[in-house]
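Visitor: Please take a close look at the enclosed space in this model. Walk me through how it is lined, then work outward.

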Amino acid sequence: TQAVTVSKQAFSQARHKLSDQTFCCLNERLMDEFYTENTYTTWQGYRLIGIDGSTVQLPESDAIRREFGCSTNQCGPGMPLGRVSVAYDLENGLGIDARLAPYRRGERDLALDHLTAITAYDQRSRGRRGHTGDLVLFDMGYPALDFIALFVLAGKDVVIRTPDSRIKEVHEAIHAASDDQIIQIPLRTARRRMSPKLLAQYPDLDPAWTLSLRVLTIALDDGCTEYLLTTLLDQEVFPTSIFHGLYGKRWGSETHYDVVKNILEIENFTGKSVLAVRQDFYATVLTSNIQGLIQWELQEELEAENQSTSRKYQYRLNK
């Protein structure tokens with residue numbers, strides 16, 4: 001049989017007919033099937049999601065600079081950059097939702113895009129998902145009252161590491177005697193106006209509504225102290241001790257970026273058009289999740305084999 005050859009020009013023309021949203025839809029379908037057809041790992045019944053942002057270096061072209069923007073320094077405009085954010089299942093190693101956006105967009109804005117995608121999944125999988133709720137982990141770049149309130153109003157719980165001086169009421173709680181206390185924070189005071197973003201989404205929200213947060217002071221093994229905000233208010237169901245090591249699970253988001261950048265080479269784009277960049281990005285996200293699902297299945301087999309076989313060393317997957 002004669003081999004079929006395709007010229008670079010024909011391949012390039014064919015790519016222009018393929019939407020980057022094709023890969024987004026395939027990834028959405030893949031995630032829906034996984035979370036409704038499998039028994040997977042949760043934390044206290046919660047799907048544990050880490051949301052974190054990063055940047056990717058983009059190919060040099062005028063169209064890409066206009067679409068995504070670029071870094072700047074004392075010498076003027078630098079390289080084209082895209083802002084990336086991923087909502088990552090920390091226990092099962094899957095990218096639930098990923099976003100490539102202009103560099104000027106903030107990480108909190110992209111996190112709210114993830115919130116929209118996650119709540120849309122709730123509607124699609126009503127009565128079929130294998131977790132009771134979502135617990136979302138954030139680092140110190142995310143604490144803001146309106147931001148937390150939007151997650152709470154959407155029915156999502158959060159754990160956020162915080163500096164001790166960003167929110168007045170949190171600062172006071174950290175410096176109080178207790179290492180574990182629940183505080184009520186009004187979203188509107190004489191000096192604090194209600195967030196326009198919050199009012200735009202919830203125009204009927206009672207101006208007197210207060211945000212209930214738990215403030216935890218955790219002593220780490222290395223002698224440092226971390227401060228956590230959480231909406232898990234039940235101190236009997238979720239004692240302070242259960243949070244030791246929980247925030248550390250967020251490191252899975254960092255290792256995920258390491259994999260997609262250095263192993264899957266997400267910055268090794270195959271075209272210089274905006275469409276080509278988006279196609280490559282979302283195709284790599286899909287590839288990462290296919291890889292993750294294969295690893296998820298093989299890990300179960302490997303753990304069973306490690307337990308049933310007398311070995312000097314425990315076998316691990318070569319990812």
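Guide: Start with the term. A cavity is a set of points, on a 1 Å grid over the protein atoms alone, where a 1.4 Å probe fits but cannot get out. Lining residues have an atom within 4 Å of a point. For a volume, grid points are joined across faces, edges and corners, and the space filled by probe spheres set on the points is taken. Rolling a probe the size of a water molecule over the atoms shows where empty space is left.

This is a predicted model: local features need pLDDT of at least 70, side-chain atom pairs count only at pLDDT 80 or more, and totals for chains, interfaces and linings use all residues. Residues are numbered from 1 along each chain as its sequence is written, and side-chain values use heavy atoms, with hydrogens and water left out.

First, the frame. The protein chain has nine helices and nine strands. Helices (H or I, at least four residues) and strands (E, at least two) are DSSP runs, numbered from the N terminus. Along the principal axes, the C-alpha atoms fill a box of roughly 80 × 60 × 45 Å. Of the 319 residues, 45% are buried. Buried means under 20% relative accessible area, exposed over 50%, and partly exposed in between, with a 1.4 Å probe and protein chains only.

Now the cavity. The count comes to one cavity of 30 Å³ or more. The volume of the largest cavity is about 100 Å³. Its lining holds 14 residues. Val84, Val86, Val260, Ile266 and Phe281 lie nearest the centre. Four elements each supply at least two lining residues: strand E1 (46–57), strand E3 (76–89), helix H8 (251–263) and helix H9 (274–308). H8 has the largest share, with four. By class, nine of the lining residues are nonpolar, four polar and one charged. Here Ala, Val, Leu, Ile, Met, Phe, Trp, Tyr, Cys and Pro count as nonpolar, Asp, Glu, Lys and Arg as charged, and the others, Gly among them, as polar.

H8 and H9 lead on to an open space. A pocket is an open set of points with protein on both sides within 12 Å along at least five of seven lines. The largest pocket has a volume of about 770 Å³. It is lined by 25 residues, with Tyr88, Asn92, Gly93, Gln295 and Lys319 closest to its centre. H8 and H9 are the elements that give two or more residues to this lining. H9 gives the most, eight. The class split for the largest pocket is seven nonpolar, 12 polar and six charged.

H9 also borders the second largest pocket, along with helix H2 (21–37), strand E4 (94–102) and helix H4 (107–124), each supplying at least two lining residues. The space in this pocket is about 460 Å³. Its lining has 28 residues, and Glu28, Ile96, Asp97, Arg99 and Ala117 lie nearest the centre. H2 holds the largest share, nine residues. Its classes are 17 nonpolar, two polar and nine charged.

Next, the charged contacts. Side chains of opposite charge can pair when their charged atoms come close. A salt bridge is a side-chain nitrogen of Lys or Arg within 4 Å of a carboxyl oxygen of Asp or Glu. The model has 20. Arg15 and Asp280 form one, at 3.3 Å, N to O. Arg15 sits in helix H1 and Asp280 in helix H9, 265 residues apart along the chain. Both are buried.

E1 and H8 come up again with Asp52 and Arg250, a salt bridge of 3.2 Å, N to O. Asp52 is in strand E1, while Arg250 is in the loop between strand E9 (225–230) and H8, 198 residues away. Asp52 counts as buried because its relative accessibility is 4%. Arg250 has 9%, so Arg250 is buried as well.

Arg65 and Glu60 pair at 2.6 Å, N to O. Arg65 is partly exposed, because its relative accessible area is 26%. Glu60 is at 43%, so Glu60 is partly exposed too. A network of salt bridges links Arg47, Asp122, Arg129, Asp134 and Lys156.

Last, a point on the surface. Thr132 lies in the loop between H4 and strand E5 (133–138). At 64% relative accessibility, Thr132 is exposed.
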